[in-house]
Amino acid sequence: MTDLVAQLLARRLLLVTGKGGTGKTSVAAALGRLAADAGVRTLVVELGHAAVLPELLGAEPDPLGAKIDPLGAKRAGAGAGARGGSTREPLPAGPNLFTLRLIPEDALLEYLELQLRVRMLARGIVGNAGFRRFLAAAPGWRELITLGKLWHMVTREDAHGQPLWPLIVIDAPATGHGLSLLSTPSVVLDTVRLGPLRRNTDLVQALLTDASRTLVLTVSLLEELPVNETLELRARVRELGLGLGPVIANGVEPPLALPDAERVLEAVATLDAAGAPSPLADPIAVCASARHRLLRARMQAEFLARLEREVDSAPLVLPWLSGGVDGPDGVAELASHLRSALTPPCAEVRP
């Protein structure tokens, strides 16, 4: 394990966010695989009802099959043989690697059970129609209970007094919802001065703003909108007092190894299309494809240079994978590239 990998994996909580469609879920899965392969017991968490990570990581099927949420909504993807893992049941995905789906309603029920110490009473409260109407109208409770659950998981210890989960990787919501999640504690602290809610929120905020324990990693494509959104997101996260890891530039296409490309393409364009063995080898199609690759590589290089100028650490570059990332093999390949990106001369991972 290189020093830079060790610096990253020494944190307790890594929150992976970015513009939707940039591959942040795949990156979160790859981080989990990288950490597990390095010998760190790791939990990769997705937030909400969608169950994507178990399939990516090759987790064991949920033995309980279909589940019903405490508030009565059937979970997405549940059914015979469904995968997903409830808030209480991390699913094993290999040595040192587990995944879990954190549903706010589940976390709320568990919190009430811990506080009231009577499971049936907690279920009665959560199932009450008036209480459910109150929750539907109350802003921010899902974010706050989610963060409280994450704090609880970070602080849990095993029988030997060691962290049960030395590293937790969060597939956090995309930019807008991600900022809403991260800013909830500061909003609560601005409005609540005393009581259990204040004390619990203080603990959550202390975890989030401790850069030795928590880092926010932003994933971006090397295109205008994702890069702009990434820079705005990082500025806002910094204002919230959270530690920032490096930008992860995902889906970077390899350069087209073609010396004196324009002269070569001009020569190809003069070839007789009738002699091409297939339509895919038609000189016009070949030239158009190659020029598209050249233009895209130039665009990606420009946006990578912009990130290098405007971000306080060198971006980690992950290549575009022709086979995609739709299962354990793709995640393992992406994790291998992530490990390579974290080797020198990459900049130091720092708050």
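What follows is a conversation about a predicted model, in which a visitor asks for the grounds of several descriptions.

Visitor: Why is D171 called buried?

Guide: D171, found in strand β5 (residues 167-171), has a relative accessible area of 8%. Buried means under 20% relative accessible area, and D171 is therefore counted as buried.

Visitor: What makes the approach of the D171 side chain to the side chains of K24 and T25 a polar contact in each case?

Guide: The side chain of D171 lies 2.9 Å from that of K24 and 2.8 Å from that of T25. A polar contact requires a pair of N or O atoms within 3.5 Å, one able to donate a hydrogen and the other to accept it, so the pair with K24 and the pair with T25 both qualify. Leaving aside neighbours within four places in sequence, D171 is also in contact with other residues, including V16, A28, V45, E46 and L53.

Visitor: How do you know that β2 pairs with β5, and what runs alongside β2 otherwise?

Guide: Two strands pair if at least two bridges are found between them, and five bridges join β2 to β5, which run parallel, so the condition is met. In this pairing V45 stands opposite I170 of β5. Strand β2 is also joined to strand β4 (residues 97-102), again in parallel, by six bridges, and there E46 stands opposite R101.

Visitor: What makes strand β2 mostly covered?

Guide: Five of the six residues of strand β2 (residues 42-47) are buried, and since buried means under 20% relative accessible area, the description rests on that count.

Visitor: Why are β3 and β8 called edge strands?

Guide: The open sheet has eight strands in the order β3-β4-β2-β5-β1-β6-β7-β8, with mixed pairing. Within it, β3 (91-92) and β8 (316-319) each pair on one side only, and the name edge strand refers to that. Elsewhere in the sheet, five bridges join β6 (residues 214-221) to β7 (residues 244-252) in parallel, with L244 as the bridge partner of V216.

Visitor: What makes up the lining of the largest pocket?

Guide: The largest pocket, with about 680 Å³ of space, is lined by 22 residues, and Y111, L144, I145, L197 and N200 lie nearest its centre. Two or more lining residues come from each of α4 (104-116), α7 (141-155), α8 (175-191) and α9 (196-208), and α7 gives the largest share, seven residues. By class, the lining has 13 nonpolar, seven polar and two charged residues.

Notes:
Residues are numbered from 1 along each chain as its sequence is written. This is a predicted model: local features need pLDDT of at least 70, side-chain atom pairs count only at pLDDT 80 or more; totals for chains, interfaces and linings use all residues. Side-chain values use heavy atoms; hydrogens and water are left out. On a 1 Å grid over the protein atoms alone, a cavity is a set of points where a 1.4 Å probe fits but cannot get out, and a pocket is an open set with protein on both sides within 12 Å along at least five of seven lines; lining residues have an atom within 4 Å of a point. Grid points are joined across faces, edges and corners, and a volume is the space filled by probe spheres set on the points. Helices (H or I, at least four residues) and strands (E, at least two) are DSSP runs, numbered from the N terminus. Ala, Val, Leu, Ile, Met, Phe, Trp, Tyr, Cys and Pro count as nonpolar, Asp, Glu, Lys and Arg as charged, and the others, Gly among them, as polar. Buried means under 20% relative accessible area, exposed over 50%, partly exposed in between (1.4 Å probe, protein chains only). Contact means heavy atoms within 4.5 Å.
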